[in-house]
Amino acid sequence: MPELFAYTDGACSGNPGPGGWGVLLRAMDGDTIVKERELQGGEGETTNNRMELLAAINALESLTRPSTITVVTDSAYVKNGVTGWIFGWKRNGWKTSNKKPVKNVELWQRLDEAQQRHKVTWEWVKGHAGHPENERADELARAGMAPFKKKKKPA
């Protein structure tokens with residue numbers, strides 16, 4: 001049975017501003033790539049954190065059946081949120097430890113629901129550090145953002 005990986009990334013031009021998300025889904029048999037799929041999307045007015053969350057959400061929601069998957073992100077926000085903070089938020093009715101509403105709550109709830117169907121391992125990698133799959137996810141995120149960027153007028 002091949003191992004499944006999702007390399008996810010988000011990008012934003014300005015924060016907030018136009019943004020994009022990208023996912024490289026890869027099934028591996030040892031060192032051999034068995035299957036690969038790329039996903040991307042974006043929004044006109046968003047934040048980097050929202051795009052990072054949407055990358056992970058879309059990776060998990062794209063799976064047609066319950067799977068064992070490793071999600072690799074360069075976002076400490078996503079990794080720390082989904083493996084740690086989310087448990088307290090849910091206990092506290094989606095409030096932070098200082099009783100403030102959780103930012104991007106609808107995306108955190110969607111991510112929480114999306115991962116329930118799967119056995120997910122979360123890994124963090126340093127972004128823009130030459131990790132080939134993370135670099136590809138970044139390219140996809142920037143491509144997802146491209147249609148939402150304002151065209152510069154010629155001088």
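**Figure 1. Asn15 sits in the loop between β1 and β2.** This close-up, like the others here, comes from a predicted model. With 54% relative accessibility, Asn15 is counted as exposed, because the bar for that label is over 50%. Its side chain still finds a partner: it comes to 2.9 Å from the backbone nitrogen of Asn48. Setting aside neighbours within four places in sequence, Asn15 is in contact with Thr46, Thr47 and Asn48. Glu45 is worth picking out too: its C-alpha is 8.8 Å from that of Asn15, with the two positions 30 residues apart in sequence numbering.

**Figure 2. The peptide bond from Asn15 to Pro16 is cis.** Omega is near 15° for this bond. Pro16, like Asn15 in the previous view, belongs to the loop between β1 and β2. Most peptide bonds are trans, so a cis one earns its own panel.

**Figure 3. Lys99 and His128 each have a positive phi without being glycine.** For Lys99 the angle is about 65°, and for His128 it is near 55°. Most residues other than glycine have a negative phi. Lys99 is in the loop between α2 and α3, while His128 is in the loop between β5 (119–124) and α4. Lys99 is exposed, at 59% relative accessible area, and His128 is exposed as well, at 60%.

**Figure 4. Asn134, in helix α4 (residues 132–145), is tucked away from the surface as a buried residue.** Its relative accessibility is 3%, so it falls under the 20% limit for buried. The side chains of Asn134 and Asp74 are joined by a polar contact of 3.4 Å. Not counting neighbours within four places in sequence, Asn134 is also in touch with Thr8, Asp9, Val125, Lys126, Gly127 and His128. That last one is the positive-phi residue from the view before.

**Figure 5. Thr8, in strand β1, is buried.** Here the relative accessibility is just 1%. Beyond four places in sequence, Thr8 touches a long cast of residues, including Val23, Glu52, Ala56, Val71, Asp74 and Ala137. Asn134 is on that list too, which ties this panel to the one above.

**Figure 6. The largest nonpolar core has 28 residues.** Val23, Leu60, Trp108, Leu111 and Trp122 are the ones that touch the most other members. Two or more residues each come from β2 (17–29), α1 (48–61), β4 (68–73), α2 (76–91) and α3 (105–116). The largest share, eight residues, is from α1. Zooming in on Trp122, its contacts beyond four places in sequence are Ala56, Leu60, Val71, Val78, Lys79, Val82, Thr83, Leu111 and Gln115. A separate core of seven residues lies apart from this one, with Met28, Val72, Val125 and Ala137 among its members.

**Figure 7. The largest pocket holds about 600 Å³ of space.** Its lining is made of 21 residues, and Leu4, Ala27, Leu63, Arg65 and Ser67 lie nearest the centre. The elements giving two or more residues to the lining are β1 (3–12), β2, β3 (32–46) and β4. β3 gives the most, with four residues. By type, the lining residues split into nine nonpolar, six polar and six charged.

Key:
Residues numbered from 1 in each chain as written. Predicted model: local features only at pLDDT ≥ 70, side-chain atom pairs only at ≥ 80, totals over all residues. Heavy atoms only, no water. Core = buried A, V, L, I, M, F, W, Y, C linked by side-chain atoms within 4.5 Å. Buried < 20%, exposed > 50% of the residue type's maximum accessible area, 1.4 Å probe, protein only. Contact = heavy atoms within 4.5 Å. 1 Å grid on protein atoms, 1.4 Å probe; cavity = no way out; pocket = protein on both sides within 12 Å on 5 of 7 lines; lining within 4 Å. Points joined across faces, edges and corners; volume = space filled by probe spheres on them. Nonpolar A, V, L, I, M, F, W, Y, C, P; charged D, E, K, R; others polar. Polar contact = N/O pair within 3.5 Å; in protein donor to acceptor, adjacent residues only side chain to side chain.
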